[in-house]
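This report walks through a predicted model. It takes up strand pairing, helix packing, a salt bridge and a pocket in turn.

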Amino acid sequence: MINSFSNIVQTKDLWRRCFTKSVMQVPFYSYEWQEIYFKTIGKNETPLVLHLPDHDVIAPFIIRNKSVEFS
């Protein structure tokens, strides 16, 4: 099963939990980076955050011009 969110704020605690378990803890993958992105550069884009609960993985995407792109 995959959970999806279109509001990044809803994912804050979940995102932080997944991030701390990740082997790739670079700033661009953090909740804080994504939050700032969507408040500034991405304010006209729609976030699409997917969560795989069985693996505790989060995958951020954006919806732009009727296409989905990895964020």
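## Strand pairing

In this predicted model, β1 and β2 are paired through 3 bridges, in the antiparallel sense. Within this part of the sheet, N3 stands opposite H51 of β2.

Strand β2 covers residues 46-52 and strand β3 covers residues 57-64. The two run antiparallel and are joined by 7 bridges. L48 has F61 of β3 as its bridge partner. P47 is matched with I62, also in β3. The hairpin of β2 and β3 has 4 residues between the strands. In that hairpin, D56 takes a positive phi near 50°.

Strands β3 and β4 are linked by 4 bridges, again in the antiparallel sense. I63 has its bridge partner, V68, in β4. R64 is partnered by S67 of β4. Between β3 and β4 the hairpin has 2 residues. There N65 adopts a positive phi near 50°.

## The sheet as a whole

Which order do the strands follow in the sheet? The order is β1-β2-β3-β4, in an open sheet of 4 strands with antiparallel pairing. β1 (3-5) and β4 (67-70) stand at the edges. Each has a single partner strand, so one side of each is left without a neighbour in the sheet. On average, neighbouring strands are turned by 30° against each other, direction ignored.

In a regular strand, side chains alternate between the two faces of the sheet.

## Helices on the sheet

Helix α1 spans residues 12-21 and packs on the sheet. Its contacts are with β1, β2 and β3. The direction of α1 makes about 125° with that of β3.

Helix α2, residues 31-39, packs on the sheet as well. It touches β2 and β3. Against β3, the direction of α2 makes an angle of about 10°.

## Salt bridges

How many salt bridges does the model have? The count comes to 6. One joins the side chains of R16 and E32, at 2.5 Å from N to O. R16 lies in helix α1 and E32 in helix α2, so this pair ties together parts that are 16 residues apart in sequence.

## The largest pocket

The largest pocket has a volume of about 290 Å³. It is lined by 17 residues. Which of them are closest to the centre of the pocket? They are C18, S22, Y29, V57 and I58.

Helix α1 and strand β3 each supply at least two residues of this lining. By class, the lining has 11 nonpolar, 4 polar and 2 charged residues.

## Elements in combination

Strand β3 recurs throughout this account. It pairs with β2 over 7 bridges and with β4 over 4 bridges. Both helices touch β3: α1 does so, and α2 does too. β3 also supplies at least two residues to the lining of the largest pocket.

Helix α1 has several roles in the layout. It packs on the sheet, holds R16 of the salt bridge to E32 in α2, and supplies at least two residues of the pocket lining.

Note on methods:
Residues are numbered from 1 along each chain as its sequence is written. This is a predicted model: local features need pLDDT of at least 70, side-chain atom pairs count only at pLDDT 80 or more; totals for chains, interfaces and linings use all residues. Side-chain values use heavy atoms; hydrogens and water are left out. Two strands pair if DSSP finds at least two bridges between them. Axes are lines fitted to C-alpha atoms, for helices over the stretch in contact, and angles run from 0 to 180 degrees between N-to-C directions. Contact means heavy atoms within 4.5 Å. On a 1 Å grid over the protein atoms alone, a cavity is a set of points where a 1.4 Å probe fits but cannot get out, and a pocket is an open set with protein on both sides within 12 Å along at least five of seven lines; lining residues have an atom within 4 Å of a point. Grid points are joined across faces, edges and corners, and a volume is the space filled by probe spheres set on the points. Ala, Val, Leu, Ile, Met, Phe, Trp, Tyr, Cys and Pro count as nonpolar, Asp, Glu, Lys and Arg as charged, and the others, Gly among them, as polar. A salt bridge is a side-chain nitrogen of Lys or Arg within 4 Å of a carboxyl oxygen of Asp or Glu.
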